[in-house]
Amino acid sequence: MASVFGLAHRNWLMGHPSTAPKSSEPLRFGILGAADIGPAAIILPAKSHPDIILLTVAARDPAKATVYAKRHGIAKIAQTYQEILDDPSVDCVYIPLPNGLHYTWAQRALKAGKHVLLEKPSVSNSTEAERLFLSPTPTLPTSPSTASSPVLLEAAHYAFHPAWALFISHVTPSAVMSAKATLWVPRWFFGTDDIRFNYDLGGGAMMDLGAYTASALARVFGTIAEECVNCETSPLPYGDPRVDRRYSARYRFPNGGIGEMEGDLKAPLHKLTPRVAVTHKPVVIDPAEAGVEMKDKEEVLRTRTIQFDNFVTPSSFHAITVSDHFAIREIGAPLGTPPRKTWKQSKALKAYTWREAGLPDFEAQVGEPYWSTYRYQLEQFINKVRGRDTPQWVEGKESVDTMRMIDMAYTRARLPLRPTSENES
């Protein structure tokens with residue numbers, strides 16, 4: 001009963017955070033687009049952060065921006081996105097626009113000297129990603145808020161939660177034999193007219209859900225895949241055949257391991273929990289590590305599997321299960337010889353705070369059990385802007401690798417890549 005109460009209380013606080021007293025000179029944010037994701041991604045997290053205020057918002061429809069600002073307590077309403085970029089009182093921008101607009105407005109924001117928190121997927125394809133993250137404009141102005149070049153971050157929020165760090169601490173990328181990342185959205189959640197099904201705006205299940213599953217695989221293997229060996233997709237019935245509603249892709253990684261990802265924007269109800277499952281190659285370990293004594297000319301093998309349930313929104317609830325399968329065998333025995341002894345050990349883990357995670361690299365980091373993935377992400381974004389330590393971060397190359405893997409899958413599925421925006425001078 002206590003655990004049920006704790007879950008309910010944590011989730012209630014996540015949706016109703018207390019308002020922190022603000023610092024004397026907080027960073028001032030502008031929001032480009034009155035998007036539905038805004039409250040979870042920036043508005044609620046900003047309430048409990050002492051060093052940020054939401055100053056202004058703009059939308060294609062100014063009337064929508066007015067309603068949005070009033071509902072969420074945002075002081076100013078800009079008539080256009082560009083007006084926010086031209087406002088010298090704005091330090092940072094959050095960009096939750098449709099995927100197809102990310103590249104253009106992120107580029108413009110950086111050129112205006114604004115720090116950019118960019119919704120995932122970062123852009124429409126790997127060409128845009130390479131331009132944005134790997135070929136920065138050399139004449140970027142200094143940001144007045146920090147006297148440094150603007151910070152750019154793709155909002156891969158799940159990677160900022162202590163539970164992800166705890167999960168990945170049990171993964172040895174070079175030894176991963178197989179991994180599978182899955183993510184489902186109930187069939188009733190998005191209408192068929194949703195922008196996620198609009199090709200020209202960068203729509204598609206792999207664009208939306210694949211930004212999670214592809215990046216999770218790359219993090220598990222510690223690198224990008226060498227090849228997408230197979231990809232099957234399905235469009236909406238009577239929908240644009242270029243836009244995937246569902247996908248199932250299989251990749252080969254440099255260490256010989258196989259990574260799979262699946263996602264569906266119209267999933268049946270029995271498919272609900274996002275999951276990453278990892279299997280390591282069998283390795284010979286010290287008998288003391290397995291807690292056993294062995295005869296002469298014997299060795300002990302361990303095969304480790306790790307499963308992370310609800311890796312996308314672990315703040316609500318999650319479960320990490322580490323299972324070790326042991327086998328004692330004779331050294332040099334012919335292939336197929338059964339082991340003398342086998343057994344299994346499992347442990348269940350969870351971490352809603354860095355203290356619970358117990359990881360040495362994160363001892364100085366702050367957090368609360370009710371902080372969402374977005375709140376943890378915002379903490380690191382502000383730390384980066386302020387020049388503080390950021391042990392949990394998404395590098396630009398990681399964002400590029402995510403788009404490269406998505407492009408690989410679209411190419412294998414014989415679907416066109418999403419349109420590339422013009423590179424502005």
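These legends walk through several close-up views of a predicted model.

Local features are included at pLDDT of at least 70 and side-chain atom pairs only at pLDDT 80 or more, while totals for chains, interfaces and linings use all residues. Residues are numbered from 1 along each chain as its sequence is written, and side-chain values use heavy atoms, with hydrogens and water left out.

**View 1. Phenylalanine 160 meets tryptophan 393.** A search of the whole structure finds 18 aromatic pairs (rings of Phe, Tyr and Trp, the last by its six-membered ring, with centres within 6.5 Å; planes under 30 degrees apart are stacked, over 60 edge-to-face and the rest tilted). Here the ring centres of phenylalanine 160 and tryptophan 393 are 6.3 Å apart and the planes stand at 90 degrees, so this pair is edge-to-face. Phenylalanine 160 sits in the loop between strand E6 (152-154) and helix H7 (162-169), and tryptophan 393 in the loop between helix H12 (373-385) and helix H13 (396-412), so the contact ties together parts 233 residues apart in sequence. Helices (H or I, at least four residues) and strands (E, at least two) are DSSP runs, numbered from the N terminus. Phenylalanine 160 is buried, at 1% relative accessible area, and tryptophan 393 is buried at 13% (buried means under 20%, exposed over 50% and partly exposed in between, with a 1.4 Å probe and protein chains only).

**View 2. Tryptophan 164 beside phenylalanine 308.** This aromatic pair is tilted, with 6.2 Å from centre to centre and 35 degrees between the planes. Tryptophan 164 belongs to helix H7 and phenylalanine 308 to strand E13 (residues 298-309), so the two rings tie together parts 144 residues apart in sequence. Tryptophan 164 is buried at 3% relative accessibility, and phenylalanine 308 is buried at 0%. Both rings belong to one aromatic cluster with Tyr158, Phe167, Tyr212 and Phe311.

**View 3. Arginines over rings.** Arginine 10 lies over the face of tyrosine 352, 3.8 Å from the ring centre. Arginine 375 places its charged end over the ring of tryptophan 371, 3.7 Å from the centre. A charge counts as over a ring if NZ of Lys or CZ of Arg is within 6 Å of the ring centre and within 35 degrees of the ring normal.

**View 4. Strand E11 and its neighbours.** Along E11 (residues 275-280), Val276, Val278 and His280 point to one face and are buried, whereas Arg275, Ala277 and Thr279 point to the other and are not. E11 runs antiparallel to strand E7 (residues 176-186), joined by 6 bridges, and serine 178 stands opposite threonine 279. E11 also runs antiparallel to E13, through 5 bridges, with isoleucine 306 as the bridge partner of valine 278. Strands pair if DSSP finds at least two bridges between them.
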